[in-house]
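Thanks for coming. I will keep this short and go through a few local features, with the structure on the screen.

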Amino acid sequence: MAAPCGRMASRYVIQFLSTFPRTTSRMIVGFRHFSSSCECRVAIKTKSVSEPVSPSPYRLAAAVCLQRLPVISADCAPLEQSFKDMMLQIELEKSLLSDHELRLIEDADRLRRKQAEDYDSDEEDSHMDQDIVLAQDLEDAWEQKFRNFQPAPRVRDDVDKELNSVQRCLTDSLVLVAEQTVGDQKLWLLPQTQWQEGETLRQTAERALASLPVGLKATFLGNAPCGVYKYKLPKPLRTENSLGTKVFFFKAILSDSSPSTPPNGGLLWLKKSELQGYLKPAYMMKVGQFIMDL
Amino acid sequence: MSLAFTRCIFRGLPQYVVQQSLLVDGHNAAKSVICVPSMTLRTTVPLRAEPKKKKKVDPKRELMMRERLKKRLKKLEKVPPELIPIEDFVTSSKCMDEERTRSAQVVSFEENERRALLLKEWSRYKREQHMAEMKSIESALEAQREALDELKITSEELYQAALKPDFSLLPFTHEGPAYTPPKSQYEAPDGNIMMQPGFILSKSVFIMQEHCIN
């Protein structure tokens, strides 16, 4: 009973105060402290809807979580390999003979009959054209052609160790991590920049990507952020305006993986398992939620 | 007399009347008409065709014809449409060929046991994989929900901007992983993929499809 009355009273007081524009903000700040001490928390919410919001004390920033998706299929685990072999075996057992195999059998039969002593070539005049090329010869030719083709190697250990090459670990998806100065510390984190007035957070994220020394083309996945990390500055550094920063993360997928410029020292491409060694634990906890290692 | 004779002959032929004043004839001072046969090209428009007579009966006849056609159409439509045979559901005669059966390979009892156990292992493995996938998707969704809540508290207009659909994203294409990485500066040989209908898989086919590796 008391709480709703209190709510009504606070709403009246707010509307009365809103007639005085200049003193409004200060009185409302005072009012906010008063009402938070008593239990009408709902009053704050209704107040924020009916009036212009006072600027939030947190600074806003946007970061980009740029992923390079896997380029080649992963190796099979032992269970997967044995299952694959078994499936191929079952498939072979249950299948019928194909045209090529029939032809092989026929040719083998004909060859055997030719080599037998009583061979009458007049019976074979309907198959004169097939005598020229045996199916076995065709198979040999294909085998030869296949051996002549050299595919690019799947695993290159030397490139895998270079942490700043985008060509490393082609079977996994990699995340771009940059070393940036935040406050007075140099930290490893996902590339971020401060938000400026008049632009959406996604544009800020795009700016963050463009500000990197290496030109990378990416497709951003949607306008909505995929994660948030907020931190409060240590007490001595806190001012009225900046209590801390809220960083919103946006996901993007790398479009072209051709390294146009030589790799820089400040950028790394890391797998999810390697991220823990570089990111701060609290940050890692938030970021690890939306980076999928599938 | 000659004049009368010529008149008898020329009566049957198409005639062209000429005024006698043009002709110089000393004998007859009076005007008389002389007909000249015109076997030359006809230069005048045929003036003898009659326009189609539009009687009152004609519209009625047309209406009757239209009604008859409509009735015929309705009769035809009443017949249920013939079903088109689906190619895939009909076993092709090639598969029924007896020559094509492989020699029955007897699978030993141990082999059967091994296969059954492997299948059970596989189902357990796949289930774990599926649970891991679902979990990671859920955690990603939770992170996004948290981010949107935070954004709503922070700034309403940024929140509204974040909720807008992104039309430049779709259609989105990305080439999936192949077996080997792409070779830089590789020129693929010209050619077509030949796939005949009723393509039956067999081991020898794997040799032919080397272009899939690139």
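I will take the aromatic pairs, then a charge over a ring, then an annotated region, and then one leucine.

Please keep in mind that this is a predicted model. Across all chains, a search of the whole structure turns up eight aromatic pairs. I will show two of them.

Start with A:Tyr229 and A:Tyr283. The ring centres are 5.1 Å apart and the planes stand at 90°, which is over the 60 degrees needed, so this pair is edge-to-face. Where do the two residues sit in chain A? A:Tyr229 belongs to strand S6, residues 227-232, and A:Tyr283 to helix H10, residues 281-290, so the pair ties together parts that are 54 residues apart in sequence. As for exposure, A:Tyr229 and A:Tyr283 are both buried.

Now the second pair, A:Phe249 and A:Phe290. Here the centres are 5.3 Å apart and the planes are at 45°. That angle is neither under 30 nor over 60 degrees, so the pair counts as tilted. A:Phe249 comes from strand S7, residues 244-254 of chain A, while A:Phe290 is in helix H10 of chain A, so this contact ties together parts 41 residues apart in sequence. Are these two buried or exposed? A:Phe249 has a relative accessible area of 0% and is buried; A:Phe290, at 1%, is buried as well.

These pairs can be put in context. Ring pairs join A:Tyr229, A:Tyr231, A:Phe249, A:Tyr283 and A:Phe290 into a cluster.

Next, a charge over a ring, with one residue from chain A and one from chain B. The charged end of A:Arg154 is placed over the ring of B:Tyr179, at 4.3 Å from the ring centre.

Staying with chain B, an unreviewed UniProt entry puts a "coiled-coil region" at residues 127-161. What does the model have there? Over residues 127-161, chain B is 97% helix and 0% strand, with 39 Å between the end C-alpha atoms.

Last, back to chain A for A:Leu267. This leucine is in strand S8, residues 267-270. Its relative accessibility is 8%, which is under 20%, so A:Leu267 counts as buried. Which residues does A:Leu267 touch, leaving aside neighbours within four places in sequence? The contacts are A:Asn164, A:Leu176, A:Val177, A:Ala178, A:Leu212 and A:Val214. As for A:Leu190, its C-alpha lies 9.7 Å from that of A:Leu267, with their positions 77 residues apart in sequence.

That is what I have; I can go back to any of these on the screen.

Note on methods. Residues numbered from 1 in each chain as written. Chains lettered and ligands numbered in written order. Predicted model: local features only at pLDDT ≥ 70, side-chain atom pairs only at ≥ 80, totals over all residues. Heavy atoms only, no water. Phe/Tyr/Trp six-rings, centres within 6.5 Å; stacked < 30°, edge-to-face > 60°. Helix = DSSP H or I, 4+ residues; strand = E, 2+ residues; numbered from the N terminus. Buried < 20%, exposed > 50% of the residue type's maximum accessible area, 1.4 Å probe, protein only. Lys NZ or Arg CZ within 6 Å of the ring centre and 35° of its normal. UniProt positions renumbered as here; feature names shortened; annotations may be inferred. Contact = heavy atoms within 4.5 Å.
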